[in-house]
Every structure is written in structure tokens, then in C-alpha cells.
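Work through the exercises below with the sequence and the structure in view. Each task is followed by its solution.

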Amino acid sequence: MKVAIVDYGAGNLPSVERALRGLGAETERAIAPEQLASAEAIVLPGVGHFSAFVNGLRERNLTASLRAAFDSGAPMLGICLGLQAMFASSEEAPGESGLGFFPEEVRALPTTVKCPHIGWNQLRRVHASKLLRNIPGDAYFYFAHSYAAPASAAPTVAACDHGFPFAAVIEQRNLAAVQFHPEKSGETGAQVLRNFLESVQ
Amino acid sequence: MTLARRIIPCLDVDAGRVVKGIEFEGLRDMGDPAELAARYNLEGADELVVLDISASVEGRATFLETIRRVAEQLNIPLTAGGGIRKMEDGRAVLRAGADKVTVNTAAVERPELLSELAQQFGAQAVVLSIDVKRKGNSWEPYTRGGRDATGLDAAAWAAEAVSRGAGEILLTSIDRDGTCSGFDCELTAKIAATVPVPVIASGGANSFDDFLDVFTRGKADAALAASIFHTETHSIGVLKKFLEGRGVPVRLSR
């Protein structure tokens, strides 16, 4: 299977590439709209700042193609900032528009907890999940973020608590997104990516 | 649902080999970085740190190659640093496959570096390393591998660094480093109470009880050690089972 990994200019792509290739997928760095149109699946990885991300997409004319891919039901997986970019906006970059697949705003984690939320945390399953198939309920996932989408704000299938309950896994039709880093979450994370690839086939 | 306390092995690298110093002086060869990385990944390390302890301009290309080789072995996060002077050094390290970059001396000399790195890569990718010596009831940060006193106070410097964009503090007690006399728990508790970001305790790890101590009394979010893991004195998996049995939340690999 050919997976297009969206290259918006600042992400750490090699680890996502290595993880997907290790599972038998072919990967391609997508920097142009036509690459997204021909992909069997799209991965939207991301670290860094919300505005760098959405600006990077805009500069490469990828925003409209990602929206078109979403509308056509193309399989898509957002990772970390890639999940956050699927929302309309973020408190990290007031005034900047995200992809808007979900109308809500991504929020800053509150000052009552350690921030960034860095480290391995567990999930609370809310609905049946394709991505979490064959993964034990008490498994740990690696998180590294300062902003999050409230769990109530999207089709959340698994939540995590850090300051407030936030969306850790989102699934809607062919769209999937995770706030943690599956490519950094050991064997558990590899299983998440395997589940995504299998759901596409 | 609990955020696990992390166990982080550290590879001090010189000219492409893992070495270990005693109290920042005197080096011993401990093996190949990629081989050790693969072993720790398998044993259940939560993260890995690689530090270029030579931090020389000539050694830069070799170190980036080491990061590449190490990153290939991992499916856990990787932090790299040593001799990071400017934004471009940080970018090179992240491009080579690290998830976070750690800075020390250059941040003391020019604290704006922390903001620049955080703006570009996010606070979660910026680790401030502080090496301290105890001075009565406080701790003084040292730079250049423990050689130069800064005249700063560790708690005040940590707080300033976080306000500028550091997302984690890697806190090393020079007094304890390589001495196997246990972590300085008063130090980590003090810094952990001062800053709102995770604190990684380092320096002095010897026994399982030292780790228990630094997570309970020391309030550390993570504990880093080198020699006791390299020499196979302790396996990370066995250490984590011990901690779990004492009520410390840890991630046990399956």
C-alpha cells in the first residue's frame, strides 16, 4: 500500500516513515496536491507550532487537497499536531484557521498540571475503536503536547486526562487521529499503525 | 489512568563510542551506541538520551551519524545534545532523527536560544540541561561539562528557562554523578516544586531504592542513568517491576 506522508516542512518524518515501512507500507513524502489525490492513505504527522503547521500546508497548496480528501472519504491518520490541525482553530495560534474537519477549538492544557504533557499515559475507551484493536486496555502511549482537543469536541473513541479530558483517539468514517505518537509508543504504537493500515485495505 | 514515571538510559558519546566518566573526568569505553540503544529499546526504556560529550566542531558530523544510527534502532523518543550553540545545531540534531534537543552552556550564555528553539520546534522538543553543585542550601549551575561556575541559582535559572520555552529540565547533580551514592532528592524535589514542566533526575543512581527514592521523595517525573545500565548491573525491565511493586506507576513492556 502507498501511504502519502504530508511534509509541511517542520515535522520529524523519518520516524513515521520507518514505522510504516517496518509494517510493509510504501511511503512517499507529499509536498504537492496531486500526490495526495493519488494516495491510498494519507498520514498527517506533526510536531511544533500550530501556525507553522497550517502555514506550511497553505504554502504548499495542500490545504484544499486535504479538505477534498476528507470530503471524498480518503483514509487519513492525523498524529499529534496532525490531529489538532483537523480542528477549526487552536488557542496556540489565535486567528489562524485549521483544516476545520471539526468545528471546535483546540485548547491549552491548564496550569494546574505539568505542561507540556510529556510521557507515557493510559487511555479511557469511550467507544469501540478500529485503531485500538488487539491492544490491552491498560496499555501506555507516548504523549508530548501542550494543547489538546476537549474529549467532547469530536468523535472521540478514547480519551486521556491531563488537566481536562481530551481526545486521544478520534475516528469518524475513514478519518482517524491520535494525540499520542504511535511511532514513538513501542510495540503498542506499532499495533495502532498496523490497525490503521489494515483498516484501509 | 496515570502518567508513568520514566526510566531513561543515557549514552555519553565521544567519537562514535559510548563512554562513561567519573565525576565528569576520566573516560571508559562502554560500547557501540546503536547496539546499546537496541538493547534498551527492547528492555523497556521509556526514552533514550544521547550526549556528545566531546562537543567539538570536528566531531559534529560523527555525532549526527551516531544519532542517525541510534534513531534507527528505536521506537521510543530520543533526546540528543551536547555542544548545541544555535538554532541550526538544534535543527541538525532533530533532522538526524532526535525528537528533542537538549541545551546547556549556550542557553546560559544566551537564554533567547530557548525561545528560538521553542518557537521553531515546540516546547515539547526543548530540554534544558542543568548541571549543578550544592552550595549550602542551594545549588549552582555549572556549564562547559561541569567546569565553569555560572553564579546563578539553579531554581531561579530553571524557572527563567521554562518561561522562555524549555519544556523539560534535565537536572544533573555533579556531586553525585558517577559516584553511585544515590540521586540528590532534595535537589529534584526543589526544582520539581519550582517549575511547571517535567523534571528528569540524573546523577548518582546505584540501587533500585535510589530510583524509588527519587520518584517518591524527589518528586521526579523521570530518572536518567548511564553506567548502571551499561554494565548490566541492572536490567530496566527488572527495575520497573520493582518500582511497580512499590506503587510507582511505570510502563511495563509486554
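**Exercise 1: a helix in chain B**

In helix 2 of chain B, the buried residues are B:Phe63, B:Thr66, B:Ile67, B:Val70 and B:Ala71. Here buried means that 20 or more other C-beta atoms, placed from the backbone, lie within 10 Å of the residue's own. The model is predicted: local features need pLDDT of at least 70, side-chain atom pairs count only at pLDDT 80 or more, and totals for chains, interfaces and linings use all residues. Residues are numbered from 1 along each chain as its sequence is written, with chains lettered from A and ligands numbered from 1 in the order in which they are written.

Task: state why these residues lie on the same side of helix 2 of chain B, and find what covers them.

Solution.
1. They cover an arc of only 125° around the axis, so they fall on the same side of helix 2 of chain B. The arc is taken from the directions from the helix axis to the C-beta atoms.
2. The cover includes helix 1 (13-22) of chain A. From chain B, it includes strand 1 (6-14), helix 1 (33-43), strand 4 (48-52), strand 5 (78-81) and helix 3 (87-95).

**Exercise 2: the contact between chains**

Task: how many residues does each chain give to the contact, and of which classes is the side of chain B?

Solution.
1. Chain A gives 31 residues and chain B gives 29, where contact means C-beta atoms, placed from the backbone, within 7 Å.
2. On the chain B side, 13 are nonpolar, eight polar and eight charged.

Technical notes: Two residues are in contact if their C-beta atoms, placed from the backbone, lie within 7 Å. Ala, Val, Leu, Ile, Met, Phe, Trp, Tyr, Cys and Pro count as nonpolar, Asp, Glu, Lys and Arg as charged, and the others, Gly among them, as polar. A residue is buried if 20 or more other C-beta atoms lie within 10 Å of its own, exposed if 12 or fewer, and partly exposed in between; C-beta atoms are placed from the backbone. Helices (H or I, at least four residues) and strands (E, at least two) are DSSP runs, numbered from the N terminus.
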